[in-house]
Amino acid sequence: KGIEWLIPAQHPDGGWGGGSHAHQDIRDPHQVKTDPATTAFTLLSLLRAGHTPVVGEHQSQVRRGLEYLVVTVEKSPVEGPRITDITGTQPQSKLGPNVDTSLTAQYLARALGMMEKSDALYDRVDAALDTCLAKLQASQQQDGGWGEAGGWAPVLQSSLGCSALEIAQANGKEVDRDKLVKAREYQKKQVDTSGRDVQVRTEAAAGVQLYAFGGAIRGNASDASEAGRLIEDAKQKGELPASASVSGENLRRLGVSEARASRLALAADQNAKQIEKLDDENLLKGFGNNGGEEFLSYLLTSESLIIAGRDKFNQWNDKLHGRLQKVQNGDGSWSGHHCITSPVFCTAAVVQCLTTDRDAEFLIAMAERTGGQTDKKASATRP
């Protein structure tokens, strides 16, 4: 129902719109201007449901959306982090003004991995992705995030930037390894698991723990997955006893450098403790009612559990499906009750939440690829 609602919400120019911050009350998807962030986010939701530039019932709509993004990037200035002169959109105001670049990079990287080089759009998509990646990497802050640009909860913009670098590298693009590591470390630092309870920093999260929590668990997922994979492989080979746990000491025994072993062990510990906190209803309620930021935080958590949650994903997914079904609108869409109220953005987020398991092959391969442990290219086939 959500997809059936999203398809006719597309504009004649190929894009979708998230609406302006100044007019959050406008819910008609055709009474708002199109913007790259919402278009890319919607295309990501369609991709996860099987509608891509090369296959799927809605392939033609997807290709129109893809061309919208390519044209937008082609028209953008060389200087600066932005790919659009549109300002004041709900995603920009709440997540950060450079969110268009991050989300567009994510979709272009996914699309490029699915297209043949003979495709008429391939070279343009490739060049547009390079432009987005250059802007994204040039605008990263020293702390690894992208929050200085502003926004109500810029920790989420930083998380989307981190994911964009991961996806692009997984699909064969050259990404500065140090920048990706710094991006992940920025997300991890949003929580402190050294004590008895998980402490969440909310300075860049509008005071809402859920937003920083979602970015943090997504940021450490690939490292946590790599740590577990190294230990399990060693057990299978008899290099460690079957009872061996994921720890810095055991990773060093396998020849992992001191710094990397400490980083991976910390990620695994943080991941495990954050998973335990997913039963905390006070955390999950976010701002107190649903907005696009809540739905996005749930999405980041779902992706993390696919990558590094093992058997915990199904329990979370069952809870999430029940939670989201209760708040679906009668027309098939979802909408927010604060901040990002846009039914297009919210529906795209929820569709991605509900179909995260269909993307498991890519997400797991992406973690392996960006973990530096394999030269195997992440699967770029239909999710």
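A cavity here is a set of grid points where a 1.4 Å probe fits but cannot get out, and its lining residues have an atom within 4 Å of a point. With that in hand, welcome to a quick tour of this predicted model. Two cavities of 30 Å³ or more turn up, and Gly17, Gly18, Gly19, Ile26, Arg27, Asp28, Pro29, Val32, Ser342, Pro343 and Val344 line the second largest of them. The largest nonpolar core holds 100 residues, and the largest pocket has a volume of about 520 Å³.

**Nonpolar cores**

- In soluble globular proteins, nonpolar side chains tend to be buried together.
- Within the 100-residue core, Phe41, Leu66 and Tyr107 are the residues with the most contacts inside it.
- Which residues does Phe41 touch, leaving out those up to four places away in sequence? The partners are Leu103, Leu296, Leu299, Phe345, Ala348, Ala349 and Gln352.
- Another core lies apart from the largest one and has twelve residues, including Ala227, Leu230, Ile231 and Leu264.

**Enclosed space: the two cavities**

- Rolling a probe the size of a water molecule over the atoms shows where empty space is left.
- The largest cavity comes to about 160 Å³.
- Its lining is made of 20 residues, and those closest to the centre are Arg48, Gln106, Ile167, Glu303 and Gln352.
- Five helices each give at least two residues to this lining: α2 (36–48), α5 (99–114), α7 (154–170), α14 (292–308) and α17 (360–370).
- Sorted by class, the lining of the largest cavity has twelve nonpolar, three polar and five charged residues.
- Gln352 has a place in two parts of this picture, as one of the residues closest to the centre of the largest cavity and as a contact of Phe41.
- The second largest cavity has a volume of about 30 Å³, and its lining divides into five nonpolar, four polar and two charged residues.

**Thr356, a buried loop residue**

- Where does Thr356 sit? Thr356 belongs to the loop between α16 (343–354) and α17.
- Thr356 counts as buried because its relative accessibility is 0%, and the cut-off for buried is under 20%.
- The Thr356 side chain reaches the backbone oxygen of Cys353 at 3.1 Å.
- Beyond four places in sequence, Thr356 touches Arg48, Leu299, Ser302, Glu303, Ile306 and Leu363.
- Among these partners, Arg48 and Glu303 are listed with the residues closest to the centre of the largest cavity, while Leu299 is also a contact of Phe41.

**Open space: the two largest pockets**

- The largest pocket, at about 520 Å³, is lined by 27 residues, with Ala224, Gly228, Asn271, Ala308 and Arg310 nearest its centre.
- Helices α10 (221–237), α12 (258–276), α14 and α17 each give two or more residues to that lining.
- The lining of the largest pocket divides into 13 nonpolar, five polar and nine charged residues.
- For the second largest pocket the volume is about 220 Å³, and the lining consists of Lys1, Gly2, Ile3, His321, Leu324, Gln325, Gln328, Trp334, Val351, Leu354, Thr355 and Arg358.
- Two or more of these lining residues come from each of α1 (2–6), α15 (312–326) and α16.
- Which element gives the most to the lining of the second largest pocket? That is α15, with three residues.
- By class, this second lining has five nonpolar, five polar and two charged residues.

**Loop residues worth a look**

- Most residues other than glycine have a negative phi, and most peptide bonds are trans.
- Ala206 has a positive phi, near 55°, and is found in the loop between β2 (199–200) and α9 (209–219).
- Ala206 is partly exposed because its relative accessible area is 28%, and partly exposed lies between the 20% and 50% limits.
- Cys339 is not a glycine either, yet its phi is positive at about 55°.
- Cys339 lies in the loop between α15 and α16 and is buried, with a relative accessible area of 10%.
- Is Gln190 buried or exposed? Gln190 is buried, with a relative accessible area of 3%, and is found in the loop between α8 (177–188) and β1 (191–192).
- Leaving aside neighbours within four places in sequence, Gln190 is in contact with Val155, Gln199, Val200, Arg201, Ala212 and Ala216.

Terms used
Residues numbered from 1 in each chain as written. Predicted model: local features only at pLDDT ≥ 70, side-chain atom pairs only at ≥ 80, totals over all residues. Heavy atoms only, no water. Core = buried A, V, L, I, M, F, W, Y, C linked by side-chain atoms within 4.5 Å. Buried < 20%, exposed > 50% of the residue type's maximum accessible area, 1.4 Å probe, protein only. Contact = heavy atoms within 4.5 Å. 1 Å grid on protein atoms, 1.4 Å probe; cavity = no way out; pocket = protein on both sides within 12 Å on 5 of 7 lines; lining within 4 Å. Points joined across faces, edges and corners; volume = space filled by probe spheres on them. Helix = DSSP H or I, 4+ residues; strand = E, 2+ residues; numbered from the N terminus. Nonpolar A, V, L, I, M, F, W, Y, C, P; charged D, E, K, R; others polar. Polar contact = N/O pair within 3.5 Å; in protein donor to acceptor, adjacent residues only side chain to side chain.
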